[in-house]
Amino acid sequence: MPTKINNGFYRLILDSIPVAIVTMDYDFKITSFNSQAEKLTGYSRKEAIGRPCYEILNSSRCTHACPLQTAGDINMSSSDLESEITNRHGEHIAIKTSVASVLNEDNDFIGYLEVIEDISRQKRREREKSNFFSMIAHDMKSPLIGISGLIARLKKEKICAKNEKLRMYLKVMGETEQRLESMVREFLEYCRLESGQIQLELSQTDVENVLQQVTAMHQLMAEEKNIVLSLGGGSLTPIEVDANRLFRVFTNIIDNAIKYSPRQSEITINARETAAEIIISFQDQGRGIKAEEIPYIFDAFYRIESQEDIGGHGLGLAASSAIVRQHGGRIVVESEPGRGSVFTVRLPKDKTGNAKEGGGRMI
Ligand SMILES: Nc1ncnc2c1ncn2[C@@H]1O[C@H](COP(=O)(O)OP(=O)(O)OP(=O)(O)O)[C@@H](O)[C@H]1O
Ligand SMILES: [Mg+2]
């Protein structure tokens, strides 16, 4: 171990860290590349230095949602962004990235830092777990269908016509079975989405149109609580999405906004676009979510305890986030307990990265 802290010592530390660390100048050219980055990408330090980062890192975010652009533009960092890189040998590796802009002592911007973690083993384990759960959920469906058939038959028996108590028991049994069946169905769909067993059915879609339909569908539910539900914005460039699944995402988010908002409040939906993304925000004046709870609300079956008895399985956001991720997008949440939340869905216009201009409004 060197006694004096010098560049060589820092080099040793950088090469011993079990994550890839890459720095870039303001032109996105690589200025340093540690050993783990060599292992991950298949390029040597000598080959990487001086080359544009998108040529070497070749991540699915490079072309349409480069995190460095944001880090540089607004001088802040972003962390835990999941994507996939294609290494020199053509292998796809799931990664988690954190980026930050680098400033010198005078606070001048001098480049970027990117920390990349290989999460392919973790992703494989998650897929295996989802496959296992989806098998269990699938096996639960058949006995439930059997129970529901038997309940229907019992209801037709003469003994039921004469016995009110029996009819009431059967009604409760039927409703409970229906709830369980819907939960199993939702969970099965979620597991299939998570494990990549569901292929999106993509078609050119006017997202504004989908939003209009979902908003119209929820007007009655909102009116029952005297909630004003409004949709702002104009036309958007059509993009390739699975319209039915996107419909579900919007339904889940609006459904939550209504469920977790007090009477006589407002829910505002807004859609806009940049050159690369369609951005839809859902703002409510509901009970809000504590910062420490936010990372967990997208986990299956996670529900925040509350005094009120609000029904749900804790699957809506888990399924929504899986659908949005399959589209190459993400859901971002900002919330203040007691004041409300904003759920923002960001969808890339082009999953292949060729952002198209024109058509809709830009921000
Ligand atoms: N707009 C919101 N305002 C406040 N809390 C919210 C909001 N949306 C979600 N949550 C919290 O996040 C949790 C998870 O939401 P999610 O939609 O996954 O499940 P759910 O609404 O409980 O059940 P399900 O959607 O399966 O019927 C909720 O239980 C709630 O505590
Ligand atoms: Mg919900």
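## A predicted chain and its ligand

Asn107 counts as exposed, because its relative accessibility is 58% and the cut-off for exposed is over 50%. The model shown here is predicted. Asn107 sits in a loop, between strand S4 (92-103) and strand S5 (109-118). Its backbone has a notable angle: phi is positive, about 70°, although Asn107 is not a glycine.

Asn226 makes a good companion to look at. It also has a positive phi without being a glycine, here about 55°. Its loop runs between helix H9 (207-223) and strand S7 (228-232). Is Asn226 buried, partly exposed or exposed? Asn226 is partly exposed, because its relative accessible area is 41%, and partly exposed covers the values between under 20% and over 50%.

### The whole chain

Now step back. The protein chain has eleven helices and twelve strands. Its C-alpha atoms fill a box of roughly 90 × 45 × 40 Å along the principal axes. The chain holds 363 residues, and 39% of them are buried.

Lys162 is on the exposed side of the count. This lysine lies in helix H7, which covers residues 158-162. Lys162 counts as exposed because its relative accessibility reaches 73%. Compare sequence and space for a moment. Lys162 and Arg185 are 23 residues apart in sequence, and their C-alpha atoms are 35 Å apart in space.

### Buried residues

Next come some buried residues. The cut-off is under 20% relative accessible area.

Start with Ser59. It is placed in the loop between helix H4 (53-57) and helix H5 (67-74). Why does Ser59 count as buried? Its relative accessibility is 13%, which means a value under the 20% limit. The side chain of Ser59 has a partner, too: a polar contact of 3.3 Å joins it to the side chain of Ser83.

Thr205 belongs to strand S6, residues 203-205. At 6% relative accessibility, Thr205 is buried. Thr205 and Val241 are 36 residues apart along the chain, yet 6.3 Å separates their C-alpha atoms.

Gly286 sits in the loop between strand S10 (277-284) and helix H11. With a relative accessible area of 3%, Gly286 is buried as well. How many residues along the chain lie between the positions of Gly286 and Pro337, and what separates their C-alpha atoms? The two are 51 residues apart along the chain, with 8.3 Å between the C-alpha atoms.

Ser261 follows helix H10, in the loop that leads to strand S9 (266-273). Ser261 is buried because its relative accessible area is 4%. Its side chain reaches the backbone oxygen of Ala257, at 2.6 Å.

### Around ligand 1

Helix H10 brings us to the ligand. Ligand 1 sits in the second largest pocket. Around it are 21 residues, and the ones that come nearest are Asn256, Asp284, Arg303, Leu315 and Leu317.

Which elements build this shell with at least two residues each? They are helix H10 (243-259), helix H11 (316-326) and strand S12 (340-348). Helix H10 gives the largest share, three residues. By class, the shell has nine nonpolar, seven polar and five charged residues.

Oxygen atoms of ligand 1 pair with protein atoms. Three such pairs are listed here.

| Residue | Protein atom | Distance to an oxygen atom of ligand 1 |
|---|---|---|
| Lys259 | polar side-chain atom | 3.0 Å |
| His313 | polar backbone atom | 3.1 Å |
| Gly316 | backbone N or O atom | 3.2 Å |

How much of the ligand does the protein cover? On its own, ligand 1 has 600 Å² of accessible area, and the protein covers 96% of that.

### Putting it together

Follow the ligand to read the picture. Helix H10 gives three residues to the shell, and the loop after H10 carries Ser261. Helix H11 also supplies at least two shell residues, and the loop between S10 and H11 holds Gly286. Both Ser261, at 4%, and Gly286, at 3%, are buried. Asn107, at 58%, is exposed, as is Lys162 at 73%.

Technical notes
Residues are numbered from 1 along each chain as its sequence is written. Chains are lettered from A and ligands numbered from 1 in the order in which they are written. This is a predicted model: local features need pLDDT of at least 70, side-chain atom pairs count only at pLDDT 80 or more; totals for chains, interfaces and linings use all residues. Side-chain values use heavy atoms; hydrogens and water are left out. A residue is near a molecule or strand if one of its heavy atoms lies within 4 Å of it. A polar contact is a pair of N or O atoms within 3.5 Å; within protein, one must be able to donate a hydrogen and the other to accept it, and residues adjacent in sequence count only if both atoms are side-chain atoms. Accessible areas come from the Shrake-Rupley method with a 1.4 Å probe; for residues, only the protein chains shown count as cover. On a 1 Å grid over the protein atoms alone, a cavity is a set of points where a 1.4 Å probe fits but cannot get out, and a pocket is an open set with protein on both sides within 12 Å along at least five of seven lines; lining residues have an atom within 4 Å of a point. A molecule sits in a cavity or pocket if more than half of its atoms lie within 2 Å of its grid points. Helices (H or I, at least four residues) and strands (E, at least two) are DSSP runs, numbered from the N terminus. Ala, Val, Leu, Ile, Met, Phe, Trp, Tyr, Cys and Pro count as nonpolar, Asp, Glu, Lys and Arg as charged, and the others, Gly among them, as polar. Buried means under 20% relative accessible area, exposed over 50%, partly exposed in between (1.4 Å probe, protein chains only).
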